[in-house]
Amino acid sequence: MVARVDLPQLRALLDAGAQLVEVLPAAEYADQHLPGALNIPLKTLNADTTAPLDRSRPIVVYCWDGL
């Protein structure tokens, strides 16, 4: 399921154990990202790179260009 979430919903999801995934390139992730975010660049997003994610927990994917 894909859904857009606002900040209060994001906080609730993270408090409940959701995983946060940043999809910007590694250099941009290294420069600045949300605390606790995992980096999986969009161009590398596939079954292998997402294998470490726990599919029983919500996954929040974001791209914050210009953070």
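# Briefing: a parallel three-stranded sheet and the largest pocket

A27 lies in helix α2, which covers residues 26–31. The structure is a predicted model. Its 3 strands form an open sheet with parallel pairing, in the order β2-β1-β3. The largest pocket has a volume of about 510 Å³, and β3 is the element that gives the most residues to its lining.

**Sheet architecture**

- β2 (38–39) and β3 are the edge strands, each with a single partner, so one side of each has no neighbour in the sheet.
- Strand β1, residues 19–22, runs parallel to β2 and is joined to β2 by 2 bridges.
- One bridge partner in β2 is L38, which pairs with V21.
- N39 of β2 is the bridge partner of E22.
- The chain passes from β1 through α2 to β2, and this β-α-β crossover is right-handed.
- On the β3 side, 4 bridges join β1 to β3, and these two strands also run parallel.
- E22 of the sheet stands opposite Y62 in β3.
- In general, strands of a sheet pair through backbone hydrogen bonds, in either a parallel or an antiparallel manner.

**Faces of the strands**

- In a regular strand, side chains alternate between the two faces of the sheet.
- In β1, Q19 and V21 point one way, whereas L20 and E22 point the other way.
- All four of these β1 residues, Q19, L20, V21 and E22, are buried.
- β3 has one covered face, formed by V60 and Y62.
- The other face of β3, with I59 and V61, is uncovered.

**Q19 in strand β1**

- Q19 has its place in strand β1.
- The relative accessibility of Q19 is 9%, and Q19 therefore counts as buried, the cut-off being under 20%.
- Beyond its neighbours within four places in sequence, Q19 is in contact with L53, D54, R57, P58, I59 and V60.
- Among these contacts of Q19 are I59 and V60, of which V60 belongs to the covered face of β3 and I59 to the uncovered one.
- The C-alpha atoms of Q19 and G36 are 8.3 Å apart in space, although the two residues are 17 residues apart in sequence.

**A27 in helix α2**

- A27 has a relative accessibility of 61% and therefore counts as exposed, for which the value must be over 50%.
- A separation of 9.8 Å lies between the C-alpha atoms of A27 and P41, which are 14 residues apart along the chain.

**The largest pocket**

- The volume of the largest pocket is about 510 Å³.
- The lining of this pocket comprises 17 residues, and A3, R4, V5, V60 and V61 are the closest to its centre.
- Two elements give two or more residues to the lining: α1 (7–15) and β3 (59–62).
- The contribution of β3 to the lining is 4 residues, the most of any element.
- By class, 15 lining residues are nonpolar and 2 are charged, with no polar residue in the lining.
- V60 and V61, which are among the residues closest to the pocket centre, lie on opposite faces of β3, V60 on the covered face and V61 on the uncovered one.

Technical notes
Residues are numbered from 1 along each chain as its sequence is written. This is a predicted model: local features need pLDDT of at least 70, side-chain atom pairs count only at pLDDT 80 or more; totals for chains, interfaces and linings use all residues. Side-chain values use heavy atoms; hydrogens and water are left out. On a 1 Å grid over the protein atoms alone, a cavity is a set of points where a 1.4 Å probe fits but cannot get out, and a pocket is an open set with protein on both sides within 12 Å along at least five of seven lines; lining residues have an atom within 4 Å of a point. Grid points are joined across faces, edges and corners, and a volume is the space filled by probe spheres set on the points. Ala, Val, Leu, Ile, Met, Phe, Trp, Tyr, Cys and Pro count as nonpolar, Asp, Glu, Lys and Arg as charged, and the others, Gly among them, as polar. Two strands pair if DSSP finds at least two bridges between them. Buried means under 20% relative accessible area, exposed over 50%, partly exposed in between (1.4 Å probe, protein chains only). A crossover is right-handed if, with the strands pointing away from the viewer, the path from the first strand over the helix to the second runs clockwise. Contact means heavy atoms within 4.5 Å.
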